[in-house]
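Me: I should like to go through this structure by asking, for each term applied to it, what justifies the term. Please set the values against the criteria.

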Amino acid sequence: MTKKTKATGLIAGLILTTALGSGLALAGSELRLETRIRGPRQAAGPMDGKVTFRNRLDEARRQFSVEVERGRAGEMFDVMISGVVVGTVMIDRSGIGELDYDDTADADDNDLPFPRNFPELDGGEVVQVGPLTGTLQLK
């Protein structure tokens, strides 16, 4: 192995280590993070939910989705990421609440544009929706 080959391998290893250490997904050009959010038992059963974040780098498109199940109708919960309130979920009559952000949101769907204070995500962020919490992980 030549010095040039060793140096090239070392540089490639450093780039890979840096990318993985920062939480970037290297499969394709998409970063996908998910977590289940769980909390205390409610009268209708254990309220829980799911949070998903996708960043499609090749399309310059982000999507963020929160879904809460088995909540009490009419309840409203702040959605916080690492202590920053980024929105609100309201539970409907069927016990479900949703919040969807999309960079391509328009009047024809239920998605909303991202708020200005939405933080950069790369994994490890704590998401809290009312009494429910979870930590975003690479998927």
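Me: What makes arginine 62 a charge over the face of phenylalanine 114?
Reply: The model is a predicted one, and in it arginine 62 lies at 3.9 Å from the ring centre of phenylalanine 114, over the face of the ring. The criterion asks for CZ of Arg within 6 Å of the ring centre and within 35 degrees of the ring normal, so a distance of 3.9 Å satisfies the first part.

Me: Why is the pair of phenylalanine 114 and phenylalanine 118 called edge-to-face?
Reply: The planes of the two rings stand at 80 degrees, and the term applies over 60 degrees. Their centres are 4.8 Å apart, within the 6.5 Å limit for a pair. Both phenylalanine 114 and phenylalanine 118 are buried.

Me: How do you know that phenylalanine 118 is buried?
Reply: Its relative accessible area is 8%; buried means under 20%, so the term holds for phenylalanine 118. Phenylalanine 53, with 3%, is buried by the same criterion.

Me: How many aromatic pairs does the whole structure hold, and why is the pair of phenylalanine 53 and phenylalanine 118 called stacked?
Reply: The search finds six aromatic pairs. In the pair of phenylalanine 53 and phenylalanine 118, the angle between the planes is 25 degrees, and planes under 30 degrees apart count as stacked. The centre-to-centre distance is 6.2 Å, which is within 6.5 Å.

Me: What does this stacked pair tie together?
Reply: Phenylalanine 53 belongs to strand β2, whereas phenylalanine 118 sits in the loop between β6 and β7; the pair therefore links parts that are 65 residues apart in sequence. One aromatic cluster comprises Phe53, Phe64, Tyr101, Phe114 and Phe118.

Me: What surrounds phenylalanine 64?
Reply: Beyond its sequence neighbours up to four places away, phenylalanine 64 touches ten residues by name: Val51, Thr52, Phe53, Val79, Ile81, Leu99, Asp100, Tyr101, Phe114 and Phe118. Phenylalanine 64 is also among the residues with the most contacts inside the largest nonpolar core, together with Val66, Val68, Phe118 and Val129. That core has 24 residues, and β1, β2, β3, β4, β5, β6 and β7 each supply at least two of them. In soluble globular proteins, nonpolar side chains tend to be buried together.

Me: How do you know that strands β3 and β6 pair?
Reply: Pairing requires at least two bridges, and six join β3 (residues 61-69) to β6, so the two strands qualify. They run antiparallel, with phenylalanine 64 opposite tyrosine 101 in β6.

Me: Why is strand β6 described as largely enclosed?
Reply: Five of the six residues of β6 (residues 97-102) are buried, so the rest of the structure largely encloses this strand.

Me: Which residues lie on the covered face of β4, and which on the uncovered one?
Reply: Phe77, Val79 and Ile81 form the covered face, and Met76, Asp78 and Met80 the uncovered one. In a regular strand the side chains alternate between the two faces of the sheet.

Me: What makes β5 and β7 partners of β4?
Reply: Two bridges would suffice for a pair; β4 has six with β5 and three with β7, so both strands count as partners. Both pairings are antiparallel. Methionine 80 has valine 85 in β5 as its bridge partner, and valine 79 has valine 129 in β7. In the hairpin of β4 and β5, serine 82 takes a positive phi near 50 degrees.

Note on methods:
Residues are numbered from 1 along each chain as its sequence is written. This is a predicted model: local features need pLDDT of at least 70, side-chain atom pairs count only at pLDDT 80 or more; totals for chains, interfaces and linings use all residues. Side-chain values use heavy atoms; hydrogens and water are left out. Buried means under 20% relative accessible area, exposed over 50%, partly exposed in between (1.4 Å probe, protein chains only). Helices (H or I, at least four residues) and strands (E, at least two) are DSSP runs, numbered from the N terminus. A nonpolar core is a set of buried Ala, Val, Leu, Ile, Met, Phe, Trp, Tyr and Cys residues joined through side-chain atoms within 4.5 Å. Contact means heavy atoms within 4.5 Å.
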